[in-house]
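Me: Please take a close look at one part of this structure for me. I am new to it, so start small and work outward.

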Amino acid sequence: MSETNDTAIYRIEDGIAWVSFNRPEKRNCMSPTLNRRMGEILDELEFRDDFGVLVLKGEGAAWSAGMDLKEYFRETEAKGLGATRQAQRDSYGWWRRLRWYQKPTIAMVNGWCFGGGYGPLYSCDLAIAADEARFALSEINWGILPGGGATKVVVDLMPLRDAMYHAMTGELIDGQKAAAWRLVNESVPLAQLEDRVTALARVLLEKNPVALKATKDAIRRVKEMTYDNAEDFLVRAQEAANSFDNDGRKEGIRQFIDEKSYRPGLGAYDKTRVHA
Ligand code: COA
């Protein structure tokens with residue numbers, strides 16, 4: 001691709017990859033260019049070993065104002081069905097990559113979060129918002145249904161009455177209400193947001209990465225299974241994880257049972273000594 005594309009950017013610091021929507025002047029709405037760049041960044045980063053947690057944030061006053069009404073909808077539709085489907089593949093594609101990402105992911109919702117933004121919001125494993133952030137399914141305000149997965153996101157995450165109210169009114173809610181409605185895990189004052197997200201990332205960085213990947217995938221998979229199917233899936237999933245990291249699991253047992261150096265109920269084993 002020949003275009004200069006800094007619509008999404010990243011930096012890696014102390015084991016955390018900070019990936020940003022970077023169109024602050026457009027409130028970080030998602031154009032086809034941005035969606036392609038996000039896909040490339042996820043590809044570039046996924047198996048690097050210089051970080052263990054990915055945080056998705058927005059530059060400026062927005063997290064993301066959803067799909068770009070001009071570039072994603074109007075201009076793409078004007079080019080015909082092929083271009084529309086391509087734009088959908090590019091956006092849904094990086095959200096799907098993120099849902100099943102190798103590393104744990106946290107959405108750090110610093111500001112506006114609208115419509116299509118619920119796709120990547122849901123794709124992140126965890127989400128922390130600023131009290132000052134504002135969320136809405138604004139689609140109803142400009143005359144469409146919440147597509148691109150947004151309807152599914154609110155039905156998956158929220159109680160039905162709240163999901164219905166949210167989608168039908170298009171009203172803004174703040175970070176605290178988003179937490180009460182379970183769109184995000186919690187909400188803190190904007191001034192504390194980065195510290196809170198960093199602290200959460202540090203908790204994850206202490207865990208066994210193979211177990212984290214297996215766990216986050218299992219949570220999403222079993223949500224749609226019967227109990228018996230889930231029970232069976234989880235046996236297989238743990239056995240598959242063992243083939244990547246049986247030593248870590250054995251070391252976790254050893255440090256508790258033999259060495260008595262930690263208690264699993266109170267914290268993680270020292271994974272730096274896995275091969276000791
Ligand atoms: N699509 C296209 N352009 C958008 C956009 C979107 N989703 N959101 C913001 N922009 C553009 C504006 O057109 C404006 O462009 P300009 O400077 O060339 O005029 C620029 O970003 C700044 O937006 P503005 O509306 O002036 O900023 P604001 O701070 O006053 O308001 C919002 C911020 C997010 C409340 C407002 O931009 C908005 O309602 N955006 C649309 C949100 C939406 O419904 N998204 C759902 C899409 S599925």
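Reply:

**Around a helix end**

Gly-80 comes after α2, and its phi is positive, near 105°. Helices and strands here are DSSP runs, numbered from the N terminus: H or I over at least four residues for a helix, E over at least two for a strand.

A word on the basis. The model is predicted, with local features needing pLDDT of at least 70 and side-chain atom pairs counting only at pLDDT 80 or more, while totals for chains, interfaces and linings use all residues. Residues are numbered from 1 along each chain as its sequence is written, and side-chain values use heavy atoms, with hydrogens and water left out.

Now the other end of α2, which spans residues 69–78. Asp-68 caps the N-terminal end of this helix. One of its side-chain oxygens sits 2.9 Å from the backbone nitrogen of Lys-70. That is a polar contact: a pair of N or O atoms within 3.5 Å; within protein, one must be able to donate a hydrogen and the other to accept it, and residues adjacent in sequence count only if both atoms are side-chain atoms.

The ligand comes next. There are 13 residues around the ligand, and Lys-26, Ala-65, Met-67, Leu-69 and Ser-138 come nearest. To be listed, a residue must have a heavy atom within 4 Å of the molecule. Ala-65 offers a backbone N or O atom 2.9 Å from a ligand nitrogen. Arg-27 has a side-chain N or O atom 2.9 Å from a ligand oxygen. A backbone N or O atom of Glu-25 lies 3.5 Å from an oxygen of the ligand.

Asn-28 deserves a stop too. It lies in the loop between β2 (15–21) and α1 (32–45). Its phi is near 60°, a positive value in a residue other than glycine. Most residues other than glycine have a negative phi. Asn-28 is buried, at 0% relative accessible area. Buried means under 20%, exposed over 50%, and partly exposed in between, for a 1.4 Å probe and protein chains only.

Arg-182 also has a positive phi, near 70°. It sits in the loop between α8 (175–180) and β10 (186–188). Arg-182 is partly exposed, at 43% relative accessibility.

Go back to β2. Seven of its seven residues are buried. Strand β1 (residues 8–13) joins β2 by six bridges, running antiparallel. Two strands pair if DSSP finds at least two bridges between them. Ile-12 faces Ala-17 of β2 across this pair. One residue lies between the strands of the β1 and β2 hairpin, where Asp-14 takes a positive phi near 50°. On to β3 (residues 51–58): seven bridges link this strand to β2, in parallel. Here Trp-18 has Val-55 in β3 as its bridge partner.

There is also an open sheet of four strands, in the order β4-β6-β8-β9, with mixed pairing. Its edge strands are β4 (62–64) and β9 (173–174), each paired on one side only. β8 (residues 134–136) and β9 pair in the antiparallel sense, over two bridges. Phe-135 stands opposite Ile-173 in β9.

Phe-135 leads into the core. The largest nonpolar core has 60 residues, and those with the most contacts inside it are Leu-56, Leu-121 and Phe-135. Such a core is a set of buried Ala, Val, Leu, Ile, Met, Phe, Trp, Tyr and Cys residues joined through side-chain atoms within 4.5 Å. In soluble globular proteins, nonpolar side chains tend to be buried together. Beyond four places in sequence, Leu-121 touches several residues, including Trp-63, Cys-113, Phe-135 and Leu-183. Contact means heavy atoms within 4.5 Å.

What about disulfides? A search of the whole structure finds zero. Cys-113 is in none; the nearest cysteine sulfur, in Cys-124, is 10 Å away. That is too far for a bond, as a disulfide needs two cysteine sulfur atoms within 2.5 Å. Cys-113 is buried at 0% relative accessible area, and Cys-124 is buried at 4%.

Last stop: Ala-241, in helix α11 (residues 227–257). Ala-241 is buried, at 9% relative accessibility. Leaving aside neighbours within four places in sequence, it is in contact with Val-210 and Ala-214. Leu-205 is 36 residues away along the chain from Ala-241, and 18 Å separates their C-alpha atoms.
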